[in-house]
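Reader: Could you pick one part of this model and take me through it slowly? After that, I'd like to hear about whatever else is worth a look.

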Amino acid sequence: MLSVTELSPTTKKPACYEKACMARVLVVEDEADLREVLEYNLGQAGHRVRSAPSGSEALRIAAEHKPELVLLDLMLPDMSGTEVCRAIRKDPQLREARIIMVTAKSEEIDRVVGFELGADDYVAKPFSVRELLLRVQAVLRRAQGSETPVLELGSIRVDRVAHRVTVNGQEVQLTSLEFKLLVTLLERKNRVQTRGTLLTDVWGFVADIESRTVDTHVKRLREKLGAAGQCIETVRGVGYRLVDSNAA
Ligand code: CA
């Protein structure tokens, strides 16, 4: 049986709840209506927001505004969001910026979050403004530095910076979703994660993904981790939990 403490999240507000997470944000979006909605709502949330309708304009504004977070549409009229992302990552003045990619194509998510690009997160269109604001806060909170670069459990070692996973020193090739799933479970080890929570925190707010997708990915992740995969426990009817006492 699950104890109550495992099921109820802590009620303590995160260290940088709301105001402390205000940031310089750049919204890159060619759809004028959406751009305005995002600009307005992020401004209301306390961020200093600039926006751009194209990639070239985005890079021009970024050079001057030095955004801490960029909300970057994948499909832009002049250049792709991935090119903009690369240009930001190459610029020593900008490379620390957090980047959230926005895409209408859920099948592109894996590629978009593709670590070679260096995006920190993604949201899939259509999304609600509230969902997007939560996502922005989550990324900014992570940026505030509580993140440990290396996570270890038994024989599993995850290097978040290099995006590298090894088991007993042997590299394991994970997709970006599997990587994110493993990191999420490791960060919350010994706590049950419902399928709903995992869908929200790992996949983002993708309307057409079903909860059995979680099961499929957990299964594949376990297989790739081999014997070490036993640390991921199924909690019947609820979700999953990574248990350190099962760590191989
Ligand atoms: Ca677009």
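Author: Let's start with what counts as a pair: two strands pair if DSSP finds at least two bridges between them. Strands themselves are DSSP runs of E with at least two residues, helices are runs of H or I with at least four, and both are numbered from the N terminus. With that in hand, take strand 7 (residues 156–159) and strand 8 (residues 164–167): 4 bridges join them, and they run antiparallel. Within that pair, Arg157 sits opposite Thr166 of strand 8.

Two bits of housekeeping. This is a predicted model, where local features need pLDDT of at least 70 and side-chain atom pairs count only at pLDDT 80 or more, while totals for chains, interfaces and linings use all residues. Numbering starts from 1 along each chain as its sequence is written.

Back to our pair, which belongs to an open sheet of 4 strands in the order 6-7-8-9, with antiparallel pairing. Strand 6 (150–153) and strand 9 (170–172) are the edges: each has a single partner strand, so one side of each has no neighbour in the sheet. Direction ignored, neighbouring strands here are turned by 25 degrees against each other on average; such angles are taken between lines fitted to C-alpha atoms (for helices over the stretch in contact) and run from 0 to 180 degrees between N-to-C directions.

Next, look at the loop between strand 8 and strand 9, where you'll find Asn168. Its phi is positive, about 50 degrees, although Asn168 is not a glycine. As a rule, most residues other than glycine have a negative phi, and most peptide bonds are trans. Asn168 has 13 other C-beta atoms within 10 Å, so it counts as partly exposed. (The scale: 20 or more other C-beta atoms within 10 Å is buried, 12 or fewer is exposed, anything in between is partly exposed, with C-beta atoms placed from the backbone.) Asn190 also has a positive phi, about 70 degrees, without being a glycine. You'll find Asn190 in the loop between helix 7 and strand 10 (193–194), and with 11 other C-beta atoms within 10 Å it is exposed.

Strand 6 has a link further along the chain, too. The C-alpha atom of Leu153 is 9.0 Å from that of Ala228, although their positions lie 75 residues apart along the chain. Ala228 sits in the loop between helix 9 (212–225) and strand 11 (232–235), and is buried because it has 20 other C-beta atoms within 10 Å.

Helix 9 meets helix 7 (residues 176–187): their axes come within 10 Å and cross at roughly 85 degrees. That makes the two helices roughly perpendicular, on a scale where under 35 degrees is roughly parallel, over 145 roughly antiparallel, 65 to 115 roughly perpendicular and the rest oblique. On the helix 7 side are Leu177, Glu178, Leu181 and Leu182, meeting His217, Arg220, Leu221 and Lys224 of helix 9.

Now for the other sheet: 5 strands in the order 2-1-3-4-5, open, with parallel pairing. Its edges are strand 2 (48–52) and strand 5 (121–124), each pairing on one side only, and the twist averages 20 degrees from one strand to the next. Strand 3 (residues 69–73) and strand 4 (residues 98–103) run parallel, joined by 5 bridges. Val70 stands opposite Ile99 of strand 4, while Asp73 has Val102 as its bridge partner there. Helix 3 (residues 55–65) packs on this sheet, touching strand 1 (24–28), strand 2 and strand 3, and its direction makes about 175 degrees with that of strand 1. As for strand 4, 5 of its 6 residues are buried, so it is largely enclosed by the rest of the structure.

In the largest nonpolar core, which has 33 residues, the ones touching the most other members are Val28, Val70, Leu71, Leu72 and Ile100. (A nonpolar core is a set of buried Ala, Val, Leu, Ile, Met, Phe, Trp, Tyr and Cys residues joined through C-beta atoms within 7 Å.) Leaving out residues up to four places away in sequence, Leu71 touches Val25, Val27, Val28, Leu38, Ile100 and Val102, a contact being two C-beta atoms, placed from the backbone, within 7 Å. A second, separate core of 20 residues includes Leu174, Leu182, Val202 and Tyr240.

One last spot: the peptide bond from Lys125 to Pro126 is cis, with omega near -5 degrees, and Pro126 lies in the loop between strand 5 and helix 6 (129–146).
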